[in-house]
Structures are given as structure tokens and as C-alpha cells.
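Hello,

Here is the structure I promised to pass on to you. Please open it first, and then read my notes beside it.

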Amino acid sequence: MAIPLSMMMMSFEGHRQDTCLFQNPVPTPSFNRKLMFQAPSTREVRSRTLGKNSVVCKISDSSPPQVSELKKTTEIAKEPKRILADTWKEIHGENDWAGMLDPIDPLLRSELIRYGEMAQACYDALDWDPYSKYCGSCKIKPNKFFESLGWTQCGYEVTSYLYSTYNMNLPNFFKKSLWPEGWSHVANWIGYVAVSNDETSAYLGRRDITIAWRGTVTKLEWLADLMDFLQPVSYQKIASRDPSIKVEAGFLHLYTDKDKSCDFCKYSAREQLLAEVKRVIQKYGDEELSITITGHSLGSALAMLSAYDIAETGVDLGEDGEVIPISVFSFSGPRVGNLRFKERLEGLGVKVLRVVNVHDEVPKVPGLFFNEQLAPVLQKIGEMSCWCYSHVGEELALDHTKSPFLKDKSNLACFHNLEAHLHLLDGYHGKGSRFWLASGRNIALVNKNSDFLKDHFLVPPNWWQTENKGLIKNHLGHWVLPERHDLEDHLPPQDLHHHLQQLGLVVED
């Protein structure tokens, strides 16, 4: 079973005792989130001697294996209190995270986990059952999004959903309903835009606009990653001062394609996003703002592409003309564009931190042979082809073999799993440092959609599921899939066209 990793005191008489200390837990989706926006602990491991204010957990040698694997001896020393509101620019890459990754800064770890959970929410809220008439949509109304996932203290409000389509003839790329009259056969819900509320904004030190993208959920989830020929961003009418700026064709089409026959994707994901960000900036134009974009796998690629687009088109300019900082927290993301894309994105001031598992194959593609690791001369030669890619920003490399909780197995899906990345973040303290859970994040989350935890933790694999597979009893006592009458609430805002006109982006086909 899952172990509560909160602060506790246990004593076992008659056995040798070791000392184990846990810091305040970071709550997680569908579990306890009550403390999510309280200021994180400012204590940090400094030596082997316990501070006088530490809370100690005694664990005996006869403890169950899932407890004994948590054994450790640490010391927590008092340091001057750090407040996120005072340091958020540093956390978001103002200095390119210099000195913050090894050892990892505790506030940075906490924020990375939080934004990773916002990306994970895209998977948790997706209706991906082909027996559902609404397969490919979001199961939750926007105004109930985080609350319905059990994240009652998230402190953000979803302002708009994002939908995508793909005009290329690639069957099964999207999840499709088996129902002939399904909600849509061309659109898929792929993310959302959310804004911090007043209370959370005060804690964060600014009003935060967060954009979260998800990856695909079928066995073809890597398909867009592997369409590895480059296209100029201007090919899909994205503003570009340099025709040599290119990105992977599959990502570009997914971001810019639309289908006027469908109310959900008659505007492209790009148009939906830019219009909504513009609207939110206008609404909160007199406040300090930030734009934070997060995503996993394919969602990470869309996060990079959308960050470039927002900055290049000037959507990130406040009402006073001041540039709003843009940060990307990427999880297990592939390469997105060529060297010129990397240079331009970084030149625009976009800060990118990529969290990867070193055993995951997805961050190694595309550009398996021609990439940023080549000598400069060979990179120049590669730039003349359509297959030379370059990673962007800083990398935080994690290693799942360091976790005593995870199985020793060769399963690429487990290595790529987002919840596993968040677990590794919680236990990472720096290169060469011992793995231990700093926040007590519930290890059961690792097995939500995988079989990666060691069996003796007694957490069943793939346990995240809808109760009764979504079936309910109707007035006749029959088990049926319920109708949903709230899809109009999921549509893009009615004033989307107006904001696109303000941006000069409306082009009549």
C-alpha cells in the first residue's frame, strides 16, 4: 500500500533505530492538496546533525520493506526565510538557473513539481475511452477543472480550453469515439490556459498565466515526434524574421491546422492560444504578469513552439509596452527545431528548463544523428539538411535507477511517464547525492498509468480510472453512458475573433 510520507514520530522498542526526517509534503492531484500554496519549507540539508526544530521519524530494522527503503539520516538547519514572491524571477530562469540545479534549489523543485502536475492534469481530465461518445474531449467543465481533479487549493482558474486537429491523413493519431455521432471526429482537446487567482498571485509575487499542453495517449503518441523533417515556421504563416528558422513538420501542423466544419477547431490551436493570452493580458494589464508554459512529451514540443510564437508576434507585450517574461518548463520533450530556432527563441528572452530522464528515448529525437552535440563544423553542414535539430535552454537530467522505489525493468513507456519524472524530481538533490523524497509526494502516483513501482509497495498498476468506467444507472435502472450537456462551456470564447483581429492574425481563407 502507499505510505503516508508526512511528518510523523514512530518508535520501535527492542530494535536498533535509524533516524529519518521528512519535510512538509507537496500535495498532489487527487490527493491532499491543502498545503499547496503555503510557503514551502526553507530548510535545507546541511550536515549530519539534526537541528533542534527538526521532526524525527524513527524506523526500525524490522519495518516493512516499503518503510525501510525510506531510511536516511539528514540534518535540517535554519536559514533566512526565502519567499517565492521575492525570488520568482530567479526560479523562472532570470539567470538561466545558474547554481540552482546541482544541488537543486528547494523552491525550484517545488515549482517544477507544481507545473508538472498542471501538465499531468491534461492527462487526468482527458476522456480517452473509445466507447464514450465524447472520446477526445475534456471530461470536466473549465470552471470546475482543478476542483474535479481533487486539487481544491490549486489557486488557478481555467479561462479557456485548447483544441487541435491534424489535416494530414494519419489514422489513429487522435483518440476517436466508436460512436458515429461522437462529439467531434476532427478535434481533440489538447490543453488549457489558466490564470492565478488573487490569493495565489499574492503568494507568487505576480499574476501568472499558465499554458499546459498534453502529449498523445495512444501507442502512436510518438508519431508527431518522429515526423522528423523540418519546415520553416513561416510555412504556416507564423511570423518570422528569418526564413531559416525551422521546426519539425508534425508539431507545426498540429499547432496551426484547423477545420472550419467543427466549432471546436474552426480556429487553430495557435489562434485559440494567442487570442486568449491577449485577452488575459488586457484584463490584468495593470499588474505584474508572467507567462509560464508547461507540457510533457509532444506537449513539451508544443510548449516550445507556442513560447516562440507568443514572443515573436509580440503577444507578450503588456499594455505599457513592457515585455512579460516567458518561461517553459518542459518534461521529457523531444527536440523541436533547428539551430536558428534555438538561437532566436533564446534571443527573444524565453527561458527554457528541460526535465528529462536520461534513460528516456524521446528527448533524443528527432535529430538522432545531426544535433547540438556535433562539432560546430558538422552542425553547419547539417544545417543544410532538413534533419539537423538542436535542444533549447538548460537541462535537468534525472535517473530513474537512483530511486529505490522503482522497478529495474526495460520499459520505455515507464521511463517516459510524467508521474515518474515528478517522483524523480522529489527525490533528486544533486548529482551524486542520495535519493530521498524531500516533500513526501505520494509514491502511489507513479503507478497511476504505469507499472513502475516495486511490487512490495502494494500499489496496483494503472489504478487511475473512472468509476464504473463512466457508466451510471438511468431512470429505468439500466447502466448507460450519460449524455453531457455542457459542451458549449468547453468551446473557445466567443470574442476570440475580436482578439485575433487586434493581433492582426485573422486571415480569411
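Let's begin where two helices touch: Arg270, Leu273, Leu274 and Val277 in α8 meet Ser306, Asp309 and Ile310 in α9. Sorted by character, the residues of this contact come to 4 nonpolar, 1 polar and 2 charged. Please keep in mind throughout that this is a predicted model.

How do these two helices sit against each other? Two packed helices are described by the angle between their axes and the distance between the axes. For α8 (residues 269–283) and α9 (residues 298–312), the angle is about 50° and the axes are 11 Å apart. The two helices are therefore oblique to each other, and their crossing is right-handed.

Helix α8 has another helical partner, α7 (residues 249–256), with an angle of about 60° and axes 5 Å apart. That angle makes α7 oblique to α8. Here Leu254, Tyr255 and Thr256 in α7 meet Ala269, Arg270, Leu273 and Leu274 in α8. This contact divides into 5 nonpolar residues, 1 polar and 1 charged. Arg270, Leu273 and Leu274 of α8 are among the residues that meet α7, and they are also among those that meet α9.

One more residue of α8 is worth finding on your screen: arginine 279, which lies in this helix. Leaving aside residues up to four places away in sequence, arginine 279 touches Thr159, Asp495 and His499. Its C-alpha is 8.5 Å from that of leucine 496, although the two residues are 217 apart in sequence.

Now to the sheet that α8 packs on. The helix lies across β5, β6 (188–196), β7 (207–213) and β10 (289–296), and runs at about 155° to β5. These strands belong to an open sheet of 7 strands, in the order β5-β6-β7-β10-β11-β12-β13, with mixed pairing. At the edges are β5 (156–164) and β13 (394–398), each of which pairs on one side only. On average, neighbouring strands are turned by 15° against each other, direction ignored.

Strands of a sheet pair through backbone hydrogen bonds, either parallel or antiparallel. You can follow both kinds here:

- β5 and β6 run antiparallel and are joined by 8 bridges. Tyrosine 156 stands opposite serine 196 in β6, and leucine 162 stands opposite glycine 191 in β6.
- β6 and β7 also run antiparallel, with 5 bridges between them. The bridge partner of tyrosine 192 is alanine 212 in β7.
- β11 (residues 326–331) and β12 (residues 351–357) run parallel and share 5 bridges. Phenylalanine 329 stands opposite leucine 353 in β12.

Is the edge strand β5 enclosed or open to the outside? Of its 9 residues, 7 are buried, so β5 is largely enclosed by the rest of the structure. Its partner β6 is mostly covered, with 9 of its 9 residues buried.

Some backbone details also deserve a look. Most residues other than glycine have a negative phi, and most peptide bonds are trans. With that in mind, here are the places to check:

- The peptide bond that joins aspartate 102 and proline 103 is cis, with omega about 0°. Proline 103 is in the loop between α2 (84–91) and α3 (106–124).
- Valine 365 and proline 366 are also linked by a cis peptide bond, with omega near -15°. Proline 366 is in the loop between β12 and α11 (376–382).
- Lysine 237 is not a glycine, yet it has a positive phi of about 65°. Its place is the loop between β8 (230–232) and β9 (246–248), and with a relative accessibility of 57% it counts as exposed.
- Asparagine 462 is not a glycine either, and its phi is positive at about 50°. This residue is in the loop between α13 (418–427) and β14 (472–473); its relative accessible area of 44% makes it partly exposed.

Finally, the whole protein. Its secondary structure comes to 14 helices and 15 strands. Of the 509 residues, 55% are buried. Among contacts with a separation of 6 or more, 74% are between residues 24 or more positions apart.

Enjoy exploring it!

Best wishes

Terms used. Residues are numbered from 1 along each chain as its sequence is written. This is a predicted model: local features need pLDDT of at least 70, side-chain atom pairs count only at pLDDT 80 or more; totals for chains, interfaces and linings use all residues. Side-chain values use heavy atoms; hydrogens and water are left out. Axes are lines fitted to C-alpha atoms, for helices over the stretch in contact, and angles run from 0 to 180 degrees between N-to-C directions. Helices (H or I, at least four residues) and strands (E, at least two) are DSSP runs, numbered from the N terminus. Angles under 35 degrees count as roughly parallel, over 145 as roughly antiparallel, 65 to 115 as roughly perpendicular and the rest as oblique. A crossing is left-handed if the near helix is turned anticlockwise from the far one by less than a right angle, and right-handed if clockwise. Contact means heavy atoms within 4.5 Å. Ala, Val, Leu, Ile, Met, Phe, Trp, Tyr, Cys and Pro count as nonpolar, Asp, Glu, Lys and Arg as charged, and the others, Gly among them, as polar. Two strands pair if DSSP finds at least two bridges between them. Buried means under 20% relative accessible area, exposed over 50%, partly exposed in between (1.4 Å probe, protein chains only).
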